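Trainee: I would like to learn how to read a protein model, one feature at a time. Could you walk me through it?

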Amino acid sequence: MSDLLDPLSFPLHGSRLIEASAGTGKTYTIAALYLRLILGHGRGIERAVDLRPEDILVVTFTEAATEELRDRIRARLSEAASFFRQQTHVDDDFLQALRADYPEPQWSALARRLDLAAQSMDEAAVHTIHGWCNRMLREHAFATGSLFTQQLNTDNDELWVTVARDYWRTFVAPLTVEQQAYYALFTSHFADPDKVLQSTRGLVNAPHRTAETHLQTSPRDIIAERFQAEDQIREQFHGLAWRNFVVQLREFLERNLAAKNFNGVKIKSNNVESWLHTLEAWVELLPHGNAPLEPELTEAARRRLSVEGIQEVAKVDLPDIPDFSMLVDLNAAIQRLPDTNQGLLQHAAQWLRQRFRLIQAQRAEMGFDDMLTRLRDALTGPQGEQLASVIRAQFPVAMIDEFQDTDPIQYRIFDTVYRLAQNDPSTGLFIIGDPKQAIYSFRFADIYSYLEARAA
């Protein structure tokens, strides 16, 4: 059940979702909650010392939004400090109610706390997601396996071209035309290094929730698995049964066409002859081992060459319809074949990513997306639990703005650190977003991450 948010009584602990549409005072609410956190007002986390701006993580989407939010919070802290000193009067129900919750003798000390917080906002933990991840990699270099000093490279196009050339030289160039089957499958995707990049771009760039494991297979293994499955189908669907089926099918179709037992609009004799010729030619190739995996029938022919298809065009009851189960079973077996195309693309994408990271490490370089993936990988690695505990202690409360624009990697980072589903009273994670404003899917923002967070 959803409740209308009251910034004065909102619980400042555990996992909380705030859904705020445009124009509903989202920034005002974030600043109001920030005031309460600084003052230790209401139901907050259990903590021995007061929260300071460096303890409260605030994450938003862009650098401009970060600076605007920092300035708004600073101004709000200063305004509240002046109001608690009774130096100004404000026409703000929230501030008036907030001050009224404290005895007047405490107002001066609370104003001092608010003033100090306002003055330290330059050191406040208000970041973009990339900025915060970069900070965590630097500050926890040992735990994350990061270098203390790395060069940020914002244009990696040339490095990706180098990596694609490495892949092509490793897997494609050594193939000879004599390895016909392998060669044809490879070159359909990877005719040259540029095609390698084009074919895998979506998979290479897409965020992954979990760290990748080492590659267990090679492209040749993927193709060999497909060929082996195809050979098993050829062994299963061959022999005299097919020849008898085609002979029986020709006799049945020709007899009923001559007797005009079919709807002449829905099934035509020239189409029937074409279908039968295709089947007969395919059956003739079966004993020689070089037949295609299945007869090259059109989709319309496949639909018609079935019990249901014949019944649909029959004008009279036909008791001797052939058994089309061989065609049905063959089609089902082909549908179950391993998806070689997807397997090759997945392998290439993972190989490219791993090669890219290796060269980056050798050059002591890092790109924007690497800030996220490296922190995610560290949090899910052998030292991940300890790292998450350290980050929770460093930032016991976090507010994540524009959460509808979160991608799976970003969500996994915050969920690993703050354990949304546990609703831990010793920490606070407040995610703020509006699914109706989820417009950044082209940057791999994922509304399903938002929905998963909402459920947690």
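Mentor: Happily! Keep in mind that this is a predicted model. Let's begin with one residue: at 47% relative accessibility, Glu-68 counts as partly exposed.

Trainee: Which residue forms a salt bridge with Glu-68?

Mentor: That is Arg-72, and the closest N and O atoms of the two are 3.8 Å apart. The cut-off is 4 Å, so this pair qualifies. Arg-72 is partly exposed too, with a relative accessible area of 40%. Both residues lie in helix 2 (residues 63-84), 4 residues apart, which is about one turn of the helix.

Trainee: How many salt bridges does the structure hold?

Mentor: There are 29. One of them joins the side chains of Arg-454 and Glu-19, at 2.5 Å from N to O. Arg-454 belongs to helix 20 (residues 447-455) and Glu-19 to strand 1 (residues 14-19), so this bridge ties together parts that are 435 residues apart in sequence. Arg-454 is partly exposed at 39%, and Glu-19 is partly exposed at 41%.

Trainee: What about Arg-376: is it buried or exposed?

Mentor: Arg-376 is buried, with a relative accessibility of 3%. Its salt-bridge partner is Asp-377, with the closest N and O atoms 2.6 Å apart. Asp-377 itself counts as partly exposed, at 23%. Salt bridges can also share partners: Arg-250, Glu-254, Glu-273 and Glu-280 are joined into one network that way.

Trainee: Now for the aromatic rings. What should I look at in a pair?

Mentor: A pair of aromatic rings is described by two things, the distance between the centres and the angle between the planes. The whole structure has 13 aromatic pairs. Take Trp-132 and Phe-395: their ring centres are 6.3 Å apart and their planes stand at 70°, so the pair is edge-to-face.

Trainee: Where do Trp-132 and Phe-395 lie?

Mentor: Trp-132 is in helix 5 (residues 129-139), while Phe-395 is in the loop between helix 18 (384-394) and strand 6 (397-400), so the pair ties together parts that are 263 residues apart in sequence. Both residues are buried. For another geometry, try Tyr-167 and Phe-171: with centres 4.8 Å apart and planes at 45°, the pair is tilted. These two are 4 residues apart in helix 7 (residues 157-172), about one helical turn. Tyr-167 is buried, at 0% relative accessibility.

Trainee: Which residues form an aromatic cluster?

Mentor: Trp-242, Phe-245, Trp-282 and Phe-324 form one. A charged side chain can also sit over a ring: Arg-99 lies over the face of Phe-83, at 3.8 Å from the ring centre. Arg-99 lies over the face of Trp-107 as well, at 4.2 Å from that ring's centre.

Trainee: My last topic is pockets. How do I think about those?

Mentor: Rolling a probe the size of a water molecule over the atoms shows where empty space is left. Here, the second largest pocket holds about 740 Å³ of space. It is lined by 27 residues, and the closest to its centre are Asp-3, Phe-10, Leu-17, Ile-18 and Glu-19. You met Glu-19 earlier, in the salt bridge with Arg-454.

Trainee: Which element gives the most to the lining of the second largest pocket?

Mentor: Strand 1 does, with 5 residues. Strand 1, helix 1 (26-39), strand 7 (428-433) and helix 20 each supply at least two residues of this lining. By class, the lining has 15 nonpolar, 6 polar and 6 charged residues.

Definitions and conventions
Residues are numbered from 1 along each chain as its sequence is written. This is a predicted model: local features need pLDDT of at least 70, side-chain atom pairs count only at pLDDT 80 or more; totals for chains, interfaces and linings use all residues. Side-chain values use heavy atoms; hydrogens and water are left out. Buried means under 20% relative accessible area, exposed over 50%, partly exposed in between (1.4 Å probe, protein chains only). Rings of Phe, Tyr and Trp (its six-membered ring) pair if their centres lie within 6.5 Å; planes under 30 degrees apart count as stacked, over 60 as edge-to-face and the rest as tilted. A charge sits over a ring if NZ of Lys or CZ of Arg is within 6 Å of the ring centre and within 35 degrees of the ring normal. On a 1 Å grid over the protein atoms alone, a cavity is a set of points where a 1.4 Å probe fits but cannot get out, and a pocket is an open set with protein on both sides within 12 Å along at least five of seven lines; lining residues have an atom within 4 Å of a point. Grid points are joined across faces, edges and corners, and a volume is the space filled by probe spheres set on the points. Ala, Val, Leu, Ile, Met, Phe, Trp, Tyr, Cys and Pro count as nonpolar, Asp, Glu, Lys and Arg as charged, and the others, Gly among them, as polar.
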